[in-house]
Amino acid sequence: MDNYSFGSKIRERRQSLGISQEQLALRAGMTTPYLGQIERGRGNITVKLLVRLAAVLDVDIGYFFEDRPPRRPSMTESSILFALHGLSEEEKAALLPIIRDAAELLRRKK
């Protein structure tokens with residue numbers, strides 16, 4: 001895995017969660033410019049930092065080592081993220097259980 005691959009994975013997951021670089025950097029205990037460098041593949045990342053990022057991004061550390069190309073969100077996923085734009089973290093957190101419950105109900109219908 002090269003630095004660009006790690007950075008792409010971090011950016012992909014961050015965006016899928018709808019959080020900004022600033023929010024992720026704060027939660028992971030790092031600076032926003034450093035996170036930006038990592039996401040662009042220009043910054044070196046330590047194992048310790050990768051573990052912290054995995055925890056904040058709610059993924060297993062193995063996520064960063066999966067050999068698959070980064071996936072762009074679908075139009076529907078992008079629309080959902082857009083709908084959440086402008087809400088506070090507390091408001092988004094309040095919606096999360098509702099979204100999870102709705103998704104589980106849809107999965108059961110299949």
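# Reading pockets, patches and salt bridges

Q: In this predicted model, the residues lining the second largest pocket divide into 5 nonpolar, 4 polar and 1 charged. How is such a space found in the first place, and which residues line the second largest pocket?

A: The general idea is that rolling a probe the size of a water molecule over the atoms shows where empty space is left. In this structure, the second largest pocket is lined by Gln15, Gly18, Ile19, Leu81, Phe82, Leu84, His85, Gly86, Leu87 and Lys92.

Q: How much space lies in the second largest pocket, and which element gives the largest share of its lining?

A: The second largest pocket holds about 170 Å³ of space, and helix H5, with 3 residues, contributes the largest share of its lining.

Q: Before going on to other features, what is the overall architecture, and how many helices and strands are there?

A: The protein has 6 helices and 0 strands, and the pattern read along the sequence is accordingly written α-α-α-α-α-α. The C-alpha trace spans about 45 × 30 × 25 Å along its principal axes, and 26% of the 110 residues count as buried.

Q: How should I read a nonpolar patch on the surface, and which residues form it here?

A: A patch is assembled from residues with over 30% relative accessible area and no salt bridge, nonpolar side chains being joined within 5 Å. In this case Val47, Val51, Ile61 and Phe65 form a nonpolar patch, and together they present about 360 Å² of accessible area. Phenylalanine 65, one of these residues, is placed in the loop between helix H4, residues 47–56, and helix H5, residues 75–84, and because its relative accessibility is 46%, phenylalanine 65 counts as partly exposed.

Q: What does the backbone of aspartate 58 show about its phi, and where does that residue lie?

A: As a general guide, most residues other than glycine have a negative phi, and most peptide bonds are trans. Aspartate 58, although it is not a glycine, has a positive phi of about 60°. Aspartate 58 lies in the loop between H4 and H5, and it counts as exposed because its relative accessibility is 56%.

Q: How is a salt bridge recognised, and how many salt bridges does the count come to?

A: The rule looks for a side-chain nitrogen of Lys or Arg within 4 Å of a carboxyl oxygen of Asp or Glu, and by this rule the count comes to 5 salt bridges. One of them is formed by the side chains of glutamate 89 and arginine 27, with an N to O distance of 2.6 Å. Since glutamate 89 lies in helix H6 and arginine 27 in helix H2, residues 21–28, the pair ties together parts that are 62 residues apart in sequence. At 26% relative accessibility glutamate 89 counts as partly exposed, and arginine 27, at 40%, also counts as partly exposed.

Q: Which salt bridges does glutamate 104 form with arginine 107 and arginine 108, and how do the positions of these residues along the helix bear on them?

A: Glutamate 104 has its place in helix H6, and its side chain meets that of arginine 107 in a salt bridge of 3.5 Å, N to O. Because arginine 107 and glutamate 104 are 3 residues apart in helix H6, about one helical turn separates them. Glutamate 104 also forms a salt bridge with arginine 108, with 3.4 Å between the closest N and O atoms, and because these two residues are 4 residues apart in helix H6, they too are separated by about one helical turn. In a further arrangement, Arg27, Glu89 and Lys92 are joined into one network by salt bridges that share partners.

Q: Are the residues of the glutamate 104 pairs buried or exposed?

A: Arginine 107 counts as exposed at 51% relative accessibility, and arginine 108 likewise counts as exposed at 62%, whereas glutamate 104, at 33%, counts as partly exposed.

Q: How far, finally, are the C-alpha atoms of arginine 108 and glutamate 104 from those of arginine 11 and glycine 7, respectively?

A: Arginine 108 is placed in helix H6, residues 89–109, and its C-alpha atom is separated by 31 Å from that of arginine 11, a residue 97 positions away along the chain. For glutamate 104 and glycine 7, which are 97 residues apart along the chain, the C-alpha separation is 31 Å.

Notes. Residues numbered from 1 in each chain as written. Predicted model: local features only at pLDDT ≥ 70, side-chain atom pairs only at ≥ 80, totals over all residues. Heavy atoms only, no water. Patch = residues over 30% accessible without salt bridge, like charges linked within 9 Å, V, L, I, M, F, W, Y side chains within 5 Å. Areas by Shrake-Rupley, 256 points an atom, 1.4 Å probe, with all protein chains shown as cover. Buried < 20%, exposed > 50% of the residue type's maximum accessible area, 1.4 Å probe, protein only. 1 Å grid on protein atoms, 1.4 Å probe; cavity = no way out; pocket = protein on both sides within 12 Å on 5 of 7 lines; lining within 4 Å. Points joined across faces, edges and corners; volume = space filled by probe spheres on them. Nonpolar A, V, L, I, M, F, W, Y, C, P; charged D, E, K, R; others polar.
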